[in-house]
Amino acid sequence: MTPPPALPRRRLLRGALYGAAAAAAAPALSACGSVVGSSAVTGGLQFWNLFAGTDGGLMKKMLTQVERRVPELRATSTVLEWGASYYTKLAMSSAGGRPPDLAVMHVSRLAGYAPGGLLDPWDMDTLAEFGIRAEDLNPDALKRGHYDGRPYALPLDTHPLVVYFDREAMDKAGLLDGDGRLVPFDSPEDYLDAAQQLRAVKGKMGPVYGHVRDPAANWRLFWTLFAQTGAEFDISRKPARIDRAAAVRVVRLMHRMMSPECGSMDGASAIGAFANGSSPMIFTGEWDITAFREVEGLDLGASPFPTLLGRPAAWADSHTFVLPHRDDPDPERRRDAHRLVAELFKASFTWAEAGHIPGYLPVVRSRAYGKLSPQSDYAKSAETPALDPPAWFFGAGTDVQSQMSQALQSALGGGTSADETVDRMTDAVEFSLGKPNPA
């Protein structure tokens, strides 16, 4: 592998715009991190990730599986708090010359890192030596992980917005086909009629969606439905070109979907309503499967987000593996980083247990995954992901996602009209377009 050029000083200075000074960041990293890898050995590969809870347990399990297969491959896994702080620390570590050997990044954040020289590209020939080819990986997520024609982010998974449902209640409402799958809806009105029908069957709630006080939930639902329209949302230049009529239509539909139960419902309330049987259907991230699969008496079903506005699509992101930039990387450590990622891909059936759709296609196409229920029932979502717009200011944990969600919340609560909401969303995009990329 050819070492990348040294990071220019001006980029180091710009990197400082991500947060606190580098000197202050170093002790902060130690304070926030917690070692979870059972293979933690001084001198092993340093692996930063943002996986806590069930995800963290499964990643630890995968690392243990890799250690058993390849005992000489050692990694120290450090979990940092997920959110804006994680990405600040990742940028500061690269800019300050003290990055980990390997890290996890949402592919939606790549545009803020690769162009600024904060990441190094993967060597696909080296990865192929360890059994992983480009054609083995989810093509949409892999393509989005490219910058300037080179792969900077390799997809561990795709994690989309999906729908979970109570098979018994859905069957009584006539909303399952002969194979027990959710029937398609021909139009928004068809879905809204079905939602009313479900209320009649259960006598309680219809479909639920938790969004209040969530910095991203309203944006995820908006982006799902907007992507289904196929309308223009071009923010590659200022002024942005956003199909206003389509955006207004989506906001109005969201308002109808939230009524009457979900106008003021947060995530915990929605999950609780579905888990305790008050609601037969919930729109949420596939990662919430852990809250449902152990519920006694619940025959859990799942499906990709229904197509309501023309073509299949659902908001999604992808956890990817990245190489934080080093001016003079150790060839052997870089080679070991490639091998570790190859082995983690091969172990990613375990990752599917958390609900995520593995980015390594041989796992998704395996007989074992086909029997994994209900995960395999929404696996097609990975073929039509609505990834966030490719801009440095968009993506997981960004201020723009939060600003979009706040604007939408006002509309869903009846405080503003759909037209006013779209104006606020467009203003937020234009404001960000007027700012320089700090990288």
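Modeller: A charge sits over a ring if CZ of Arg is within 6 Å of the ring centre and within 35 degrees of the ring normal. This is a predicted model.

Biologist: What makes arginine 109 count as lying over the face of tyrosine 87?

Modeller: Arginine 109 is at 4.4 Å from the ring centre of tyrosine 87, and the cut-off is 6 Å. Arginine 220 likewise lies over the face of tryptophan 315, at 4.6 Å from the ring centre.

Biologist: How do you know that the span of α10 agrees with its 15 residues?

Modeller: The expected span is 1.5 Å times one less than the number of residues. For the 15 residues of α10 that gives 21 Å, and the end C-alpha atoms are 21 Å apart, so the two agree.

Biologist: What makes the approach of aspartate 243 to alanine 245 a polar contact at the start of α10?

Modeller: A side-chain oxygen of aspartate 243 reaches to within 3.2 Å of the backbone nitrogen of alanine 245; the limit for such a pair is 3.5 Å.

Biologist: Which helix gives the most to the largest nonpolar core?

Modeller: The largest core has 79 residues, and Met257 is among those with the most contacts inside it. Helix α10 (residues 244-258) gives the most, with nine residues. Buried residues of α10 include Val250, Leu253 and Met257.

Biologist: Why is this core said to lie between domain 1 and domain 2?

Modeller: Domain 1 (35-156 + 318-384) and domain 2 (160-316 + 387-434) both give residues to this core, so it lies between them. A second, separate core of 52 residues includes Leu63, Trp122, Leu154 and Phe345.

How values were computed: Residues numbered from 1 in each chain as written. Predicted model: local features only at pLDDT ≥ 70, side-chain atom pairs only at ≥ 80, totals over all residues. Heavy atoms only, no water. Core = buried A, V, L, I, M, F, W, Y, C linked by side-chain atoms within 4.5 Å. Buried < 20%, exposed > 50% of the residue type's maximum accessible area, 1.4 Å probe, protein only. Helix = DSSP H or I, 4+ residues; strand = E, 2+ residues; numbered from the N terminus. Domains from an automatic or database assignment. Polar contact = N/O pair within 3.5 Å; in protein donor to acceptor, adjacent residues only side chain to side chain.
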